[in-house]
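Here are my notes on the model, as numbered points. Please read them with the coordinates open.

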Amino acid sequence: MLTRKNKLLLYKLLSLFSVVRGYNILMITLAQYLASIYILSPNLPLRQVILDVNLFLIVTASALVIASGYIINNFYDAEKDLINKPTKSMLDRLVSQRFKLTTYFILNFLSVFAASYISFRAVLFFSAYIFGIWLYSHKLKRIPLLGNLVSATLAIAPFFVVFVYYKNFETVIFVHALFLFLLILAREMVKDLENMAGDLAQNYKTVPLLYGAIVSKSLITFLIVLTAIPGYLLITVFDVGYMYLYFAGGLLLLLLFVILLWASKGKTHYVWLHNILKFIIIAGVFSILLIDVDLVLNRIL
């Protein structure tokens, strides 16, 4: 049986995993590798992509920066999260703020150290990425709409660096990126509706607090309409293999989302809406395998 000391250590490890949102980092890592294998370098041997040291270092540096970003965001939002996410916040508080900050600096140092093995440009990129996340957490997230735009931009930055690494700038990739960016931006706007109580208590100036829920819902609906455009193009114009099934299903879910959005009246409803968009984003990661089923089967077999 676990001793009291071991149990406390286990709880602290779970707390740190919760703070850095390890499940999100694992999903982003998987998405970077799947995009590299099946979208950005489909003609390269699977072994060559997976064993590419530079790609591994890019993915590792990205994971470290994202983890540190969640830590600094948690540090600045500690009081707000007590209201918006009381259960998660109590778990997060098992790790001291001092330990979180120490871990934050260590992770950032390790990310830049990993990038230094790639190139000086990689060091500049990840240094700017670290600064951008800090600036967002400290200042920009309190600015209505700008904070949402910066957050969505930071979220797709790990994929941008992989695109640059493979020097694959085909139009279809930018349309994919636009679809993802708009989805993430809509999700950020929904989170503002979801977190109104804590944002109000901490004097955050978000769109729903400044202009009301109706204006916020109208902006989210507009973003969903914009999202449908690249989604439609990826179904009808570009060759995405069987992934068109994902985009078709995604557009139907987005239609349902808009209907539920205007019927929503409280935090519980907004959490469901947030989860719908999160599901579409996560499903998109695994649907990358549908782009070329034959290629997937050949590489597996």
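**Notes on packing, charges and rings**

1. Start with Met-189. Leaving out residues up to four places away in sequence, Met-189 touches Leu-145, Asn-148, Val-207, Ser-216, Leu-219, Ile-220 and Leu-223. The model is a predicted one. Met-189 sits in helix α10. Its relative accessibility is 1%, so Met-189 counts as buried. One of its contacts, Leu-145, is 44 residues away along the chain, yet the two C-alpha atoms are separated by 8.2 Å.

2. Stay in helix α10 for the charges. The whole structure yields two salt bridges. Glu-188 takes part in a salt bridge with Arg-187, at 3.7 Å from N to O. Glu-188 also bridges to Lys-191, with 3.5 Å between the closest N and O atoms. How far apart are Glu-188 and Lys-191 in helix α10? They are three residues apart in this helix, which spans residues 171–194, and so about one helical turn separates them.

3. Are these charged residues buried or exposed? Glu-188 and Arg-187 are both buried. For Glu-188 the relative accessible area is 7%. Lys-191 has a relative accessible area of 19% and is buried too; the cut-off is under 20%. Shared partners join Arg-187, Glu-188 and Lys-191 into one salt-bridge network.

4. Next, the nonpolar core. The largest one holds 78 residues. Which of them touch the most other members? They are Tyr-129, Leu-183, Ile-220, Ile-224, Phe-257 and Leu-277. Ile-220 is also among the contacts of Met-189. Leu-183 is in contact with Thr-227, Tyr-246, Leu-254, Leu-277, Ile-280 and Ile-281, once neighbours within four places in sequence are set aside.

5. Helix α8 deserves a check of its geometry. It covers residues 120–138, 19 in number. From first C-alpha to last it reaches 27 Å, close to the 27 Å expected at 1.5 Å a residue. Its buried residues are Ala-122, Val-123, Phe-126, Tyr-129, Ile-130, Gly-132, Ile-133, Tyr-136 and Ser-137. What covers them? The cover includes α4 (53–76), α7 (97–116), α9 (146–166) and α10.

6. Helix α8 leads on to the aromatic residues. Ring pairs link Phe-125, Phe-126, Tyr-129 and Phe-160 into a cluster. Of these, Phe-126 and Tyr-129 are listed among the buried residues of α8. Tyr-129 is also one of the core residues with the most contacts to other members.

7. Now the ring geometry. A pair of aromatic rings is described by the distance of the centres and the angle of the planes. The whole structure holds 11 aromatic pairs. In one pair, Phe-113 and Tyr-117, the centres are 5.3 Å apart and the planes meet at 80°, so the pair is edge-to-face. Phe-113 is partly exposed at 42% relative accessible area, whereas Tyr-117 is exposed at 57%.

8. Why is the pair of Tyr-246 and Phe-247 edge-to-face? The planes of their rings stand at 65°, and angles over 60 degrees count as edge-to-face. Their centres are 5.0 Å apart. Tyr-246 is buried, with 13% relative accessible area. Phe-247 is buried as well, at 2% relative accessibility. Tyr-246 also appears among the contacts of Leu-183.

Note on methods. Residues numbered from 1 in each chain as written. Predicted model: local features only at pLDDT ≥ 70, side-chain atom pairs only at ≥ 80, totals over all residues. Heavy atoms only, no water. Phe/Tyr/Trp six-rings, centres within 6.5 Å; stacked < 30°, edge-to-face > 60°. Buried < 20%, exposed > 50% of the residue type's maximum accessible area, 1.4 Å probe, protein only. Salt bridge = Lys/Arg side-chain N within 4 Å of Asp/Glu carboxyl O. Helix = DSSP H or I, 4+ residues; strand = E, 2+ residues; numbered from the N terminus. Expected span 1.5 Å × (residues − 1). Contact = heavy atoms within 4.5 Å. Core = buried A, V, L, I, M, F, W, Y, C linked by side-chain atoms within 4.5 Å.
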